[in-house]
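Trainee: Could you take me closely through the buried part of this model, cysteines and nonpolar residues included? Then please place the strands around that account.

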Amino acid sequence: MKKQCIAMLLAGGRGTRLKNLTENLAKPAVPFGGKYRIIDFTLSNCRNSGIDTVGVLTQYHPHILQSYIGDGKEWDLNRRDGGLSILPPYQCENGERWYEGTAHAIYQNRHIIEQYDPEHVLVISGDHIYKMDYNKMLQQHIKSSADATISVIEVPWNEASRFGLMKTDENTGRIVDFEEKPKNPTSNLASMGIYIFNWKTLKHYLEQEEKNQFSSKDFGKDIIPAMLMNNLKLFSYEFNGYWKDVGTIDSFWEANMDLLKKDTNILLNDKEWKVYTVEQTHPPQYLDLDATITQALISEGCEIYGTVENSVLFSGVKVGKGSIIKDSVILPNAVIGENVVIEKAVVGPGIFIEDDVVVSSKESSKEITLVGENILKEHKKLLTNVI
């Protein structure tokens with residue numbers, strides 16, 4: 001059946017800057033916000049936007065992610081006409097190949113796309129935290145007769161060099177220049193990694209890049225610059241809501257901390273735009289008589305005997321007597337012993353922290369401490385930026 005627009009969700013990234021959190025796990029499958037995984041936000045955007053055909057392109061440590069997504073039931077994508085498809089790399093006419101770049105991943109699945117004969121293709125990433133109506137972007141894309149529309153957001157100048165940056169015509173929004181992660185930015189209008197393409201146009205450029213042996217086969221480095229060079233109609237779609245690239249431990253921590261303030265809590269803002277997830281059955285929280293909790297997100301199945309301040313605790317976390325958790329993110333099933341102090345840290349899933357341990361960053365350091373596997377071996381050990 002012909003579709004107006006289908007989505008291709010890039011979920012194969014390794015996320016090396018998240019260190020131990022992605023050692024055996026694809027970045028989109030990393031837990032977030034007490035009960036979710038990062039990919040929940042993009043899949044929920046698709047469901048809420050009426051996008052009913054989604055290909056999820058996996059590669060790095062895909063098994064947990066694939067098992068988690070399943071047939072897409074939680075996002076109303078378990079349907080015969082379209083629905084959700086898991087798309088790992090596969091053996092093709094040139095032999096077995098990994099996805100070599102974001103554009104190559106789409107190219108390798110061009111035959112899947114063509115089954116639906118879409119007018120437009122939405123290309124999105126499964127590793128950002130945001131709520132967005134893709135249908136509004138699609139309507140602008142159609143109205144402007146664009147070859148490509150790129151969603152953009154203003155970012156702080158000191159972070160601009162991390163992103164692909166646009167310059168646009170102030171009157172029309174047409175993109176006139178693009179720089180991929182420049183050392184000296186001249187714009188702070190960042191690409192959000194959300195694209196809508198005219199499929200026939202995109203297919204042509206994917207085929208051209210595949211023939212270029214020097215191409216990195218990447219949208220930001222190759223496809224977008226090639227389209228601009230040929231004077232195609234590329235327009236920006238300005239997004240004014242909350243959006244966070246959680247590609248580093250610091251940004252992952254910041255995004256979780258944002259949930260503790262009502263004005264930046266993406267889960268509370270726009271309650272009609274629900275974030276769907278795979279529900280799990282856990283016992284209720286247990287809060288001991290001596291437990292103290294202030295400004296925190298506490299998931300089901302937690303046992304709290306100590307103090308939790310300004311922190312996010314995932315399911316199955318236990319905090320022992322006399323322990324203090326402050327400004328921290330504690331991932332699922334971590335066990336914190338007695339008289340432990342944890343401040344400004346991310347504690348990995350299933351980690352056991354023994355009694356009397358102190359986990360904190362140096363006062364002079366702004367980095368967040370990450371506690372991963374096989375780190376804690378001694379009692380009363382001061383851990384400083386352990387990974």
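Mentor: A residue is called buried when its relative accessible area is under 20% and exposed when that area is over 50%, with partly exposed in between. Keep in mind that this is a predicted model. Cys302 has a relative accessible area of 1%, so this residue is buried. Cys46 falls on that side of the cut-off too: its relative accessibility is 0%, and therefore Cys46 counts as buried.

Next, the question of cysteine pairing. The structure holds zero disulfides. Cys46 is accordingly in no disulfide, and the nearest cysteine sulfur belongs to Cys5, 9.1 Å away. A disulfide needs the two sulfur atoms within 2.5 Å, so a separation of 9.1 Å does not qualify.

Now the nonpolar residues. In soluble globular proteins, nonpolar side chains tend to be buried together. Here the largest nonpolar core has 64 residues, and the members that touch the most others are Leu43, Phe252 and Val346. The element that gives the most to this core is helix 8, residues 249–258, with five residues. Phe252 can be followed in detail. Setting aside neighbours within four places in sequence, Phe252 is in contact with Leu18, Leu21, Val30, Pro31 and Phe32, and also with Val246, Val329, Leu331 and Val346. Val346 thus appears both in the contact list of Phe252 and among the core members that touch the most others. Apart from this core lies another, of 35 residues, including Leu57, Tyr99, Ala226 and Leu234.

That leaves the strands. Strands of a sheet pair through backbone hydrogen bonds, in either a parallel or an antiparallel sense. One open sheet is built from five strands in the order 18-21-24-27-30, and its pairing is parallel. At its edges are strand 18 (297–298) and strand 30 (369–371), each of which pairs on one side only. Strand 18 pairs with strand 21, residues 312–313, over two bridges in the parallel sense. Within strand 21, Val312 is the residue that stands opposite Leu297.

An open sheet with the order 16-19-22-25-28 likewise has five strands and parallel pairing. Its edge strands are strand 16 (286–287) and strand 28 (352–353), and each has a partner on one side only. Inside that order, strand 19, residues 303–304, runs parallel to strand 22, residues 318–319, and two bridges join them. Glu303 stands opposite Lys318 of strand 22.

Technical notes: Residues numbered from 1 in each chain as written. Predicted model: local features only at pLDDT ≥ 70, side-chain atom pairs only at ≥ 80, totals over all residues. Heavy atoms only, no water. Pairing = 2+ DSSP bridges. Helix = DSSP H or I, 4+ residues; strand = E, 2+ residues; numbered from the N terminus. Core = buried A, V, L, I, M, F, W, Y, C linked by side-chain atoms within 4.5 Å. Buried < 20%, exposed > 50% of the residue type's maximum accessible area, 1.4 Å probe, protein only. Contact = heavy atoms within 4.5 Å.
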